[in-house]
Amino acid sequence: MSTTSRIAASAVAAAVGMTALAGCGGSGGGSADAKTVTLVSHDSFYASKSVLAAFEKESGYKVKILRGGDAGKAVNQAILSKDNPQGDVFFGIDNTLLSRGLDAGLFTPYRAKGLANVPAGLQLDKGQHRVTPLDYGDICVNYDRGYFARHKIAPPKTLDDLVKPQYKGLLVTENSATSSPGLAFQLATVAAYGNEGWQGYWKKLKANGVEVVDGWEQAYNDRFSGSAAGKKKGDKPLVVSYASSPPAEVLGKKPAPKEAPTGVATGTCFRQIEFGGLLKGAKNEKGGKALLDFLLSRTFQEDEPLQMFVNPARKDAKVPEVFTKYGARIDKPATLAPGTITKNREQWIKQWSSLVLK
């Protein structure tokens, strides 16, 4: 999930020492040597410096992290460079894009240690183990509490609310073709209104002034008025983000507020499951397997919630109180069967692009 260290991005990135992923092909590919294991991911992968250091000390491998934009772009880059992979492990392909990676033959099967502690409902490739579930979360519309309080408007709760006149011009979402949160939000509308009704809903949403940007970072940090980490204060009080984004807005604040400054429209959500996999043709396959085992270890899984603001895949991983107290719990998120997504995704994206972007 797809998934967000979504607020303290620059600080964590500096701590981890991230390297930008340049281009789609690359010439070197894979790990530099047998002592280096390379993780390819989206821009929102983060881990505590101490957690990565512990893995490096225990395993003897140095971790190199390459990031390639939003999840949709990162997956596309991995597919385009699959004959000369730029790393050993890919982190961040989710259930909305999973079949694209599997059909392209991106991954070498590997059953990671600790998989028995992952609920069966998250193991979408259980029979072949080409990918390993590593976290999950819910894509939802977030709102800026302060904006709605100042304007004396009740924040939206459902997808139906978003097309009402009082919310005209207030929502920013991500491009379905380039962003996994954007695609997940589109799939939420498909799940809600069906294959015959979702396009009509988007016509109403477009008429109501929805803004579309390329990816999550731009939507949340540049355009959303409720982002404390935004370099410039946006003017959109509604944004497609995560049910777990609000905890990031209160992290480290003293005294702790009674509630987060941002809230979640709980009737707009779609469940996203994020996976990792050993890239086929990896230069350091042994190191890649060790890294996958680490990503599913309790050490990493318990670090995830406050680094990427997602739920750990392991059911025995402890979740920090700030994450559960300020995050929204979504008991009945929208879902679609993986087979349905596989069959229709490309057509739905083309239809959405033609309808919304033109």
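Author: A residue counts as buried when its relative accessible area is under 20%, and as exposed when that area is over 50%. The model discussed here is a predicted one.

Reader: Is Gln-86 buried or exposed, and at what relative accessible area?

Author: Gln-86 sits in the loop that runs between helix H3 (71-80) and strand S4 (89-94). Its place in a loop does not settle the matter by itself, so the cut-off of under 20% has to be applied. By that cut-off Gln-86 is buried, because its relative accessible area is 11%.

Reader: How far is the C-alpha atom of Gln-86 from that of Leu-279?

Author: Along the chain, Gln-86 and Leu-279 are 193 residues apart. In space, the separation between their C-alpha atoms is 9.0 Å.

Reader: How does the radius of gyration of the protein stand against the globule rule for 358 residues?

Author: The protein holds 12 helices and 11 strands. Its radius of gyration is close to what the globule rule gives for 358 residues, so the protein is as compact as a globular protein of that length. The two values to set side by side are 19 Å for the protein and, from the rule, 21 Å.

Reader: What share of the 358 residues in the protein is buried?

Author: The C-alpha trace spans about 60 × 50 × 35 Å along its principal axes, and the accessible surface comes to about 14,800 Å², with 51% of that surface belonging to carbon and sulfur atoms. Among the 358 residues, the buried share is 58%.

Reader: How far apart do the centres of the positive and negative side chains lie?

Author: The protein carries 47 positive side chains and 34 negative ones. When the centre of each set is located, the distance between the two centres is 2 Å.

Reader: Which cysteines form a disulfide, and how far apart are their sulfur atoms?

Author: A disulfide is a covalent bond between the sulfur atoms of two cysteines. A search of the whole structure turns up 1 disulfide, and a pair is accepted because its sulfur atoms lie within 2.5 Å. The pair is Cys-140 and Cys-269, with sulfur atoms separated by 2.1 Å.

Reader: Which strands hold Cys-140 and Cys-269?

Author: The link of Cys-140 and Cys-269 is right-handed, with 120° about the S-S bond. It joins distant parts of the chain, the two cysteines being 129 residues apart, and both Cys-140 and Cys-269 are buried. Cys-140 belongs to strand S6 (residues 132-144), and Cys-269 to strand S10 (residues 262-279).

Reader: Over how many bridges do S6 and S10 pair?

Author: S6 is mostly covered, 12 of its 13 residues being buried. One contact between the strands can be read at Pro-133, whose bridge partner in S10 is Phe-275. The pairing of S6 and S10 is antiparallel, and the number of its bridges is 11.

Reader: Which residue in S9 is the bridge partner of Ile-139?

Author: S6 pairs with strand S9 (residues 238-242) in the antiparallel sense over 5 bridges. Within this pairing, Tyr-143 stands opposite Leu-238, whereas the partner of Ile-139 is Tyr-242.

Reader: In which sense, parallel or antiparallel, do S7 and S9 pair?

Author: S9 is mostly covered, with 5 of its 5 residues buried. Its residue Val-239 is the bridge partner of Val-172. S7 and S9 pair over 2 bridges, and the sense is parallel.

Reader: Which residue in S11 stands opposite Asp-135?

Author: S6 also pairs with strand S11 (residues 311-312), in the antiparallel sense and over 2 bridges. Opposite Asp-135 in that strand stands Pro-312.

Reader: Which residues does a cis peptide bond join, and what is omega?

Author: Most peptide bonds are trans. The place to look is the loop between helix H8 (246-250) and S10, where Pro-255 is found. The cis bond joins Lys-254 and Pro-255, with an omega of about -5°.

Reader: Is Lys-152 buried or exposed, and at what relative accessibility?

Author: Lys-152 lies in the loop between helix H5 (145-150) and strand S7 (171-174), and has a positive phi of about 55° although it is not a glycine. His-129, likewise not a glycine, has a positive phi of about 60°, but His-129 counts as buried because its relative accessibility is 15%. Lys-152 falls in the other class, exposed, because its relative accessibility is 75%.

Technical notes
Residues are numbered from 1 along each chain as its sequence is written. This is a predicted model: local features need pLDDT of at least 70, side-chain atom pairs count only at pLDDT 80 or more; totals for chains, interfaces and linings use all residues. Side-chain values use heavy atoms; hydrogens and water are left out. Helices (H or I, at least four residues) and strands (E, at least two) are DSSP runs, numbered from the N terminus. Buried means under 20% relative accessible area, exposed over 50%, partly exposed in between (1.4 Å probe, protein chains only). The radius of gyration is taken over C-alpha atoms; the globule rule is 2.2 Å times the number of residues to the power 0.38. Accessible areas come from the Shrake-Rupley method with a 1.4 Å probe; for residues, only the protein chains shown count as cover. Lys and Arg count as positive and Asp and Glu as negative; His and the chain ends are not counted. The place of a charge is taken as NZ of Lys, CZ of Arg, CG of Asp or CD of Glu. Two strands pair if DSSP finds at least two bridges between them.
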